[in-house]
Amino acid sequence: MTATPVLQSYVAGRWVGREAAQQLRSAVNGKPVASTHADKLDFAEAVRHARKVGVPNLLKLDFQQRAERLKALAKYLAERKETLYAISAHTGATRTDSWIDIEGGSGTLFAYAGVGGNDLPSGNVLHEGPAIPLGKTGAFAGTHILVPRGGVAVHINAFNFPVWGLLEKFAPSFLAGMPCIGKPATSTSYLTEAAVRLMVESGLLPEGSLQLVIGSTGDLLDQLDGSDVVTFTGSADTAAKLRVHPNLVRHAIPFNAEADSLNMAVLAPDVTPEDEEFDLFAKEVAREMTVKAGQKCTAIRRAIVPRQYVDEVARRIKARLAKTVVGDPALEDVRMGALASLDQKQDVAARVKALLEKAELVHGERDGFAPRGDGVAEGGFFAPTLLLAKNPLADDAVHDIEAFGPVSTLMAYDGLDDALVLAAKGKGSLVGTLVTKDPAIAAGFVPAAAATHGRILVLDREAAKESTGHGSPLPQLKHGGPGRAGGGEELGGLRAVRHYLQRAAVQGSPTMLAAVTGEHVRGAKVRESEVHPFRRHFEDLQVGDSLLTHRRTVGEADIVNFGGISGDYFYMHFDEVAAKDSPFGKRIAHGYFVLSAAAGLFVSPAPGPVLANYGLDTLRFVKPVGIGDTIQARLTAKRKIDRNRKDAKGVGQGVVAWDVEVTNQHGELVASYDILTLVAKRG
């Protein structure tokens with residue numbers, strides 16, 4: 001008999017674990033897959049290693065360079081995904097289930113690589129501008145910066161997504177320059193360990209940036225201080241205990257929880273059985289019951305439908321469940337696998353039993369449940385189970401007890417106000433879905449439901465063509481919910497990165513703020529020279545390099561000609577009588593003429609390092625420009641971002657944001673904006 005492998009923790013740059021401890025079994029057939037290790041870990045050493053080795057190594061790279069590492073790591077894992085798929089089958093996941101976990105994980109790395117590449121600067125200071133004048137003359141101002149915390153992020157994950165659960169937390173913390181210690185749930189930790197081995201073997205991780213704990217966290221949380229962060233995904237009960245851990249409270253350590261929630265889906269009263277949306281509702285509920293065998297924190301637990309349609313909704317969901325083939329994911333026709341463990345199966349069974357004290361069974365094990373495959377009798381298979389709440393407004397249990405498996409409960413309502421009451425009885429949820437055809441219903445329902453839900457999907461036939469579904473957290477959008485759902489936030493693009501950075505307010509002269517933020521701040525000292533800033537290569541440009549242009553007086557011919565070219569004959573530009581009655585009291589130039597004229601003042605027309613202008617940000621027309629006014633522009637290098645990219649010819653490029661101020665003959669600001677350009681490197 002071959003001994004099962006002993007899983008190892010990765011701590012302080014080495015793999016630890018030789019002695020077998022807890023045996024972990026396949027969710028499919030109950031056979032041993034691996035064992036946790038009995039070797040004790042030195043958590044003080046792990047935290048020290050993260051601080052003394054991980055932090056300096058991460059901060060040798062800037063935001064942009066860490067984003068490049070994430071992108072390379074995503075590619076590395078994607079190329080080796082089949083290794084993880086083979087192991088994932090032991091968790092009871094089908095190929096589709098595993099795709100969400102494995103390729104969803106690498107996809108999240110790609111997404112955060114994009115966040116870093118597009119939204120973060122070169123350097124390790126993120127400016128949250130603009131700067132705010134704090135005095136009368138502009139000599140004193142204030143702004144906000146975000147900087148790496150210098151601590152460690154401890155990520156404690158649930159069993160249902162062993163790969164994605166680690167990576168969706170790792171990606172933003174890595175991008176923020178914060179090393180992490182990941183602690184997966186024990187029952188499926190063999191898959192997380194395999195993923196971490198690949199990440200370490202890639203050679204892309206700076207030493208100390210990622211550590212892995214298999215088994216208990218011991219006294220890990222006691223080693224932390226105020227520079228650290230703890231995130232948790234799991235049960236609301238465990239989240240509540242961790243939240244009041246004495247050391248976390250003592251040091252005010254940020255704690256982010258994503259807990260279980262009884263998510264809802266509401267079928268609006270405007271949808272009838274003849275509508276496409278009616279089937280969309282039944283399909284969404286059935287899918288959320290069977291994908292990952294219902295083991296998703298975002299699964300639909302409460303299906304809230306108009307009373308007159310309860311029977312028809314039940315019939316359609318039952319029909320879909322009856323066609324769902326359950327069994328060994330290795331079999332080609334299987335569409336739903338097992339729960340992650342036998343313990344999980346027992347837990348779900350106990351919770352269904354409790355729910356049935358006041359609910360009716362609509363579909364379950366009695367309806368021909370027969371998992372397919374060898375040895376499945378020893379696996380964690382559980383029948384898709386649909387219940388009907390007899391009195392959902394009065395029955396608190398159906399809003400409190402979550403069976404974390406392929407289980408959902410139908411609830412009848414008599415009006416949208418009742419539906420909102422039922423939705424809110426979940427006491428805070430990660431996600432809710434409203435299925436409707438009527439924009440007016442959506443406009444009324446969503447803001448009311450948003451108070452108790454972290455995300456809301458409005459589903460109709462139009463959205464269904466591209467919808468990722470009720471239960472799919474996306475890297476671009478916030479994942480988390482209030483109340484029972486934990487009160488935390490994950491994902492959400494740049495929002496998640498900010499969670500791992502420390503925000504500070506900074507006050508001083510504009511020149512000092514520019515030095516601190518690495519960005520030009522209005523009013524700061526600038527550098528002017530005979531060389532036009534557009535003639536400088538990326539490496540030679542410095543933030544603060546500036547050009548004050550010659551002047552141009554705006555004439556009536558300019559307005560007439562621009563109107564003819566653009567087709568913009570708005571009365572403010574052409575009707576002398578009407579313009580006199582306007583707030584400006586006179587004809588004025590087109591705002592976009594002012595923009596174009598300013599470009600004519602500052603652009604250097606000959607070929608040079610500036611390759612392309614690809615956009616404007618923060619455009620404001622501050623004062624009108626009338627006939628006879630004279631404008632002048634100041635162009636200043638505001639921000640540089642080295643994206644470490646080359647064009648087809650192998651020439652390196654960077655992004656430069658230019659601050660543009662257009663003033664009139666009185667020195668008054670008339671237009672203000674940022675220009676974004678690609679600038680070539682000398683090399």
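Let me start with the ring cluster: in this predicted model, F534, F602 and W658 are joined into one cluster by ring pairs. Those pairs belong to a wider set, since the structure as a whole holds 11 aromatic pairs.

I would like to take two of the individual pairs in turn, and to say for each how the rings are placed and how far the residues are covered. One of the pairs is Y10 with W15, where the ring centres are 4.8 Å apart and the planes meet at 45°, so this pair is classed as tilted, an angle under 30 degrees being needed for stacked and one over 60 for edge-to-face. As for the surroundings of these two residues, Y10 has a relative accessible area of 8% and is therefore buried, whereas W15, at 25%, counts as partly exposed because the limit for buried is under 20%.

The other pair I want to show is F562 with F593, whose centres lie 5.8 Å apart with the planes at 70°, and so this pair is edge-to-face. What does the pair link along the chain? It links distant parts of the chain, with F562 in helix α18, which covers residues 556-566, and F593 in helix α21, which covers residues 591-602, and the two phenylalanines are 31 residues apart. Both partners fall on the buried side of the cut-off: F562 has a relative accessibility of 17%, and F593 has a relative accessible area of 7%.

Next, charged side chains and rings. R95 lies over the face of Y85, at 3.6 Å from the centre of the ring, and a lysine is placed in a comparable way elsewhere, with K292 over the face of F161 at 4.9 Å from the ring centre.

Finally, the cysteines, for those of you who will ask about disulfides. How many disulfides are there in this model? The count comes to 0. Taking C180, we find it in no disulfide, and the nearest cysteine sulfur, which belongs to C297, is 19 Å away, where a disulfide would need the two sulfur atoms within 2.5 Å. Is C180 buried or exposed? C180 is buried, with a relative accessible area of 1%. Looking from the other side, C297 is likewise in no disulfide, and the nearest cysteine sulfur to it is that of C180, at 19 Å. C297 also counts as buried, at 10% relative accessibility.

Key. Residues numbered from 1 in each chain as written. Predicted model: local features only at pLDDT ≥ 70, side-chain atom pairs only at ≥ 80, totals over all residues. Heavy atoms only, no water. Phe/Tyr/Trp six-rings, centres within 6.5 Å; stacked < 30°, edge-to-face > 60°. Buried < 20%, exposed > 50% of the residue type's maximum accessible area, 1.4 Å probe, protein only. Helix = DSSP H or I, 4+ residues; strand = E, 2+ residues; numbered from the N terminus. Lys NZ or Arg CZ within 6 Å of the ring centre and 35° of its normal.
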